[in-house]
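Morning, everyone. Please bring up the sequence and the model, and I will go through the ligand site and then the sheet.

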Amino acid sequence: MNDALQVTLSGVSKSYPGDDGPTQVLAPTDLTIEGGEFVCVVGPSGCGKSTLLNILAGFLAPTEGTVRVGGHPITGPDPDRGVVFQQPNLYPWLSVRQNVEFGPKVRGVPRNQRTAEAERMLTLVGLDHLGARRPYELSGGQQQRAQIARVLVNDPRIILMDEPFGALDALTREKLQGELLTLWRDRKKTVLFVTHSIDEALLLGTRVLVMGTRPGRIIYDEPTTFKATLANPSFAALRADPDFRRLRDEVSAHIYAAHA
Ligand code: ADP
C-alpha cells in the first residue's frame, strides 16, 4: 500500500480566450489538500468545479500557478491520479474484465498479475460474476462500478471524482457511496469529489469546499467535524444529527449567496 499524497495549488487560475478578451473561469486559487483527506466540492453549475478537477488531473493546464502532488509540480495526467467521471467511459469492444485490465496492460504488468489484480477489483465492486460481459450488457450502476474498478486497479494514491454517482438511482448511489468510504478508509487515499448534492458532500467528505461564480473561486472551506463525535455512523444517523443539519444549512446559504 502507498502513503496518501498531499496536493497543493499555488496561485492556480484558468482563463479561456474569448471575442472580448480572455474570460477567467477560475480566479487565482491557493489550496492544500492533505494526504488522506476526502474533500468534497459543491457550487452552482459553471463555477469551475470540473475545471479545478481537470487541472488536478493534469488534463487542463492552468493559465497561471502550479499544482504540486507530493511536493512535485505536475506536468500532465498520471496513473497515480485516478479520475472517475459521471458517465462511464468503458471501451465497448472489450469485456468488463478486459476494460479493468487495460491500464495494467498498458503499463506492462505481466498477464498473471494483471488478471489477478483485475479480479480483485471486480470483487471489490461486486462485479466478479460479470467480468465476461460487454459494458452494454450491464446496468448504469454496474457500468459505473466497472469504471471505478478500472481506475482503482492502478492503485492511484489520489482519486478525483466528478459527480460519479449523479446518474444513479438513490439506492445504488448510497451503496456505492458506502463502498467508496470503506475503500478510502482502508487504503488511505486522498480524494477530491465534485458533487451537486450538499448531503452527499457532507456524508462523504472530511472537508467541504463551496465554489462561487464569476470568476470561479473557493468561497467556503470547512471540515465536517461533526462526524468525529459519532462512532461508525450510518448515513441515516448522520442525517439525523443536528450538527449535520446545521452545516447543511450553512453550506446551502453559501451556495445560494454564490447564485445571487
Ligand atoms: P462546473 O463544473 O462548476 O459546472 P466548469 O468547470 O465545467 O463548471 O466550467 C466553468 C466555466 O468555464 C463555465 O462558465 C464554462 O462555460 C467555462 N468553460 C469550460 N470549458 C471551457 C472552454 N473550453 N472554453 C471556454 N469556456 C469554458
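Which helix gives the most to the shell around the ligand? Helix H1, residues 49-57, does, with three residues; helices here are DSSP runs of H or I with at least four residues, strands are runs of E with at least two, and both are numbered from the N terminus. This is a predicted model, where local features need pLDDT of at least 70, side-chain atom pairs count only at pLDDT 80 or more, and totals for chains, interfaces and linings use all residues. Residues are numbered from 1 along each chain as its sequence is written, and side-chain values use heavy atoms, with hydrogens and water left out.

The residues around the ligand, meaning those with a heavy atom within 4 Å of it, include Tyr16, Cys47, Lys49 and Thr51. Take the oxygen atoms of the ligand. One is 3.1 Å from a polar backbone atom of Cys47, and one is 2.9 Å from a polar backbone atom of Lys49. For Thr51, a polar side-chain atom lies 2.5 Å from a ligand oxygen.

Now the sheet. This open sheet has six strands in the order E6-E7-E8-E3-E9-E10, with mixed pairing; two strands pair if DSSP finds at least two bridges between them. Strands E6 (81-84) and E10 (217-223) stand at the edges with a single partner strand each, so one side of each has no neighbour in the sheet. Strand E9, residues 207-212, pairs with E10 in the antiparallel sense over six bridges. Within that pair, Met211 has Ile218 of E10 as its bridge partner.

Conventions
Polar contact = N/O pair within 3.5 Å; in protein donor to acceptor, adjacent residues only side chain to side chain.
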